[in-house]
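Let's take a look at how two protein chains sit against each other, and then follow one helix up close. Have the picture ready as you read.

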Amino acid sequence: MPNPLNTDPFAILGLAEGADEKAVRARYLELIKKHPPDRDAERFREIHTAYEATKDPLAIARRILASLDADPPSWSEAIEPHKSKRPSISVDFLLSLGNR
Amino acid sequence: MATRDQKRKEKKKKKRDQRKAESKKKETLSRPPKLRSVPSPHQELLTRQAPVAWDSEPVEDVAVFDEAVRDTLDSDSAKQVQSIREAFDLALAGRGDQSRLAVDEIPRSSPLSQWKVFLLGLIAWLKDEADEAERAWKRLDHSRRPSRIAISMWNARRSDSLTAKVPVADPQGEADRAAPWHTRVDDPLRQSAKRLHRVWYDRAAIRIAESGTKTRESIPDSLISPEKLEWIVEFAKKYRDFEPELVASLEQASLHRAAGQSYIDVFAIARDELPGPVHDPNNTLLNYVYELRYRDGIYSPRVSEAADCSLKQYLEVELPKNEALSKPVRNALASELHLREATEELNSGSGSPILGFLGPEYDKKLVRSHFKAATAAYPANRAAHQAYLRWIEDELEDRWTTAAQKKPLKAEMAKLMQAWSKGRPDDKEPRLWLLDYFIDAEKMDQAKPHVEWLANARVNDPKVRIARWRWTLLDAFRLCRRKAWLDQAAERLEESVPIWPAWLNQQWLPYLRASISLRAGDSGAYVKQRAAICDTADRKHLGVADSCMALAAAQLMRVPAADLKPLRAPVDAFVKNLSGVSKQELFDAAPFFWDLHRTDMLYPAYRMHGSKLASELNERLDADVQFVFKNIDDPQLHAAMYWISEHSIWTNSHDLRMPQYWTSELAHKTPAFAAVWANRGRKLYWLSSLDPDRDLTDFLRNSAPRQVDPFLSSWFAILADEMDERFAADDRRGGFFF
C-alpha cells in the first residue's frame, strides 16, 4: 500500500499535520498568490485540492486511519522531505545572535 | 614430569579453550556494530541561546527580549514592542504577510522602527530573497542589536566568512564607514554566525539522522531493533528544539516500523517511549491495531480483549478530549472507527473467506451498536448510512428472519433513513425511500417536502426525475384503501398517465384501471376489461406476464384478499411447477419485473415468487448459453439480466459468482453485461472477487452517454460512480484491518 505521506495535503501545502484552520488558510492564500490560476494552472489546482482536502473532516479521518494500514515508511522517506524544509529557530535564539 | 593422563587433560583443555575463543569471535563478527551515541549539538548552541543585554544597549532594544524592561516603557512603546514580538513569531512561522502587517503601525520616528526594518529583511531572508534582505538591512544602525543580528545572519550564509580574520570595524573611521555593512564583524558576531550556520545551513541533525538510521538492525530482517529505538529516543532529546519536524517524522517512522513486526516487546518500548501523532498522542489507537495484528504472533480472529480495551479507551476517553483535533474531525474519526468495527465484525462471522463455515456467527448486537454509533457520531458520513442500510436489507432478505423480527427491522430502517436525510439533506437515496414510506403510512404531510425536493432537484437520476409520477401513482394506490375514495383513485391514476416516464412500458396501465373496478366490487367490469387486455395484447403478455401483472395491479390497488385469491392461484401454480413454464414465458415476463424493480413498485406478493421466477430464468439461460449469445443486443435479454441481478442469485454477501452466460470478455464489450456485474457487485460487503474486472466501471461510465434509453444513460453512470466509491472505501480499509 502506498505511503499516504506522499499525498498528504498538509505536506503539499508545506504544513505540519493537524495545522490549525487559521494556519492552513493563511498558507493557502500565500501559495495561490505565488501560483495564480492564469500563470500556473496545474499547481493552483494541486494547492486548491489540497486545501479542500484539509477541511473535510471525513477526508482527514480517513487519511489518519489509512496511515495505520500503510506500510511503514523507510528511514529515507522519513528524513528526505525535511532536507528542503527549514529548521526551527526560536525568537530568543535569533535575538541572541546580536549579543556582544 | 607430567603423566600421560595429565598431558591428555591439558590437550583437551587447550582444544576446549580454542573452540570457545573461535565461537566468541564468530559471535562478535555476526553482531552488528554498536550504534555510536548521538553527537550533541555544539555546546555553545545549548548555552548561548538567550539574548543578553550589554551595558549601554538602548532600553527599547532590551525591551524586545526582556519583559521586565518592557513594563517600564510608556504604553505606546510597550505596544510597539508587543507587535514586534508577534511579528517575529509570524515571520518564523512562515507568515510573512501577516508579520509585515503586525508592525505596519510603527512610525519611522519611533526608536523601534529599526526592528521594523530588520523584520522586513528577515521576511525576505527566510524566503531566500537575499537582495531584498540586504536592501532593508544595510539601512540599519550598526551600533544596535537589529543590525548585529542581520550581520551574523548575512555572514552565516557562507562558511568562508566564518573564519575570515576581519578587523573589528571602527564606526568613526572613514574607511570603515565606507565598508559594506555586513563586514563589520567582531568576534561575538563571528561566533553567532557560526552557530546559525551550523543550525540553518549545515543541518548537522540531518546528517546524523541519516548515518544513525543506516546502521544494521541487531535483529536480522527486523524493521527496527531495541538498540535503534534507543538511539532514536536519544536523538529526539538532543535535536527536538532545532529540528522538531524531523524528530517527529523519525519518531512516527519508528512507531510504525515497530508496529509492523511481531516483536511485542520492541513495540511496547516504542509505544511507551515515543510520543504519538496529533490524533493519537498516547499511541492507544496504534496499540489497538497492533493487538489485532500480532497478538499471539499470528493473524488472529477478531475480538481480542486487549484490542477492544484500547479501542474503548481511545473512543471514550482520549479522542473526545483531544483538543488538537477539531470537533468535526474527532466525530468523523469516531464514526469511521465504528464503521470499521461493524464491517470487521460482519467479516469475522460465518461466510468469512478466512473462517468460512468454521467461523462463529457474528455478534448482531455488536454490529448494530457500531452502525448506530457510526451514523450518530458523524451524521454526514454517507458510507456509514449506506453500510448500515445494506446490513438491514440483508437481514430482511435472510430466509431465517421471521415476520416478527422483520417489523422492528423495518422500523430501524425508517429511523436510519430519517437520520441519513437529516445528516445529508442533499442526498437523494433517503428521500426516495422516505417518500414511499410516508405515503405507505399515509403521512402525506411528511412525504410532501421530499416530493418537492426531488421534483426540483437537478440530479441526473431517473428515480429522482420520476418522483412526481411515483408520488401520483402511489397516491392512487393509497386512495384505493377506501371504497369512498375510489373515484379520486381513478382520477389520480389518470393524472399519472401524461407524466408516465417515456422509457417505462405502459403495458401495466390497463391492469391498474381494471383493478379499480375489481376493488369497487364490479367483477363483471373487471372480467370484461381483462378480456379486452388479452384481445389487444400480443402473445408475449399472456401466461406468466399476464397473471403477474394482474396480481400486482390488484394487490397495489388494495383489492381484498378474497378477490385476490383467484388472481394468486395461477401465479402459485406457475411457481409450483416451474419446470412446466417455458423459457420464453419467463423471458417475456422479465421486462415487467425489471420495470417494477427500477421504479421501486414491487407488490407485496412479489417476495413469494419473484426470486423463484428470476432464479428459474437464470438457470434456463445458463443451460442455453447460445440463446444468450444469439440475443446479445436484445433489450429484452438485458432487461432479463437486470431483473436477475436484483436478486442474490449470483452471490452470498462476499463473493460474486457470475453465471456461465456472463463472461468478462462480454462485459468489456457490451455495457448491459457490465451493468449487471455492477448492480450485483455494489451489494457485496467485500469487493475482492470483483477486483479483476475493476476497469468495468470506466467502461460503464463511458458507455452511459451513448445509451438511447434515458434511464440506462443515467443508471450506468450512477452504477459506475457507486462502484468507484465502494472500491475506494474498500481500498481505504486495505481489505483486512488487522
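## A ruler for helices

Before we start, here's a handy rule: the expected span of a helix is 1.5 Å times one less than its number of residues. Keep in mind that what you're looking at is a predicted model.

## One helix in chain B

Let's try that rule on helix α22 of chain B, which runs over residues 403-423. With 21 residues, α22(B) reaches 30 Å from its first C-alpha to its last, close to the 30 Å expected at 1.5 Å a residue.

Which residues of α22(B) are buried? They are Leu409(B), Glu412(B), Met413(B), Ala414(B), Leu416(B), Met417(B), Trp420(B) and Ser421(B). The cover over these buried residues includes four other helices of chain B: α20 (364-377), α21 (382-397), α23 (428-440) and α24 (444-456).

## Where the chains meet

Now for the meeting of the two chains. On one side there are 81 residues of chain B, in contact with 43 residues of chain A. Together the chains bury about 5,600 Å², and 63% of that is on carbon and sulfur atoms.

How many salt bridges cross this interface? The rule finds 7 between chain B and chain A. One to look for joins the side chains of Lys33(A) and Asp97(B), at 3.5 Å from N to O. There are also 23 residue pairs in polar contact across the interface, both partners at pLDDT 80 or more.

On the side of chain B that touches chain A, helix α15 (residues 244-259) gives the largest share, with 9 residues. That side of chain B divides into 42 nonpolar, 15 polar and 24 charged residues.

Technical notes. Residues are numbered from 1 along each chain as its sequence is written. Chains are lettered from A and ligands numbered from 1 in the order in which they are written. This is a predicted model: local features need pLDDT of at least 70, side-chain atom pairs count only at pLDDT 80 or more; totals for chains, interfaces and linings use all residues. Side-chain values use heavy atoms; hydrogens and water are left out. Contact means heavy atoms within 4.5 Å. Buried area is the accessible area (1.4 Å probe) that two parts lose on being put together, summed over both. A salt bridge is a side-chain nitrogen of Lys or Arg within 4 Å of a carboxyl oxygen of Asp or Glu. A polar contact is a pair of N or O atoms within 3.5 Å; within protein, one must be able to donate a hydrogen and the other to accept it, and residues adjacent in sequence count only if both atoms are side-chain atoms. Helices (H or I, at least four residues) and strands (E, at least two) are DSSP runs, numbered from the N terminus. Ala, Val, Leu, Ile, Met, Phe, Trp, Tyr, Cys and Pro count as nonpolar, Asp, Glu, Lys and Arg as charged, and the others, Gly among them, as polar. Buried means under 20% relative accessible area, exposed over 50%, partly exposed in between (1.4 Å probe, protein chains only).
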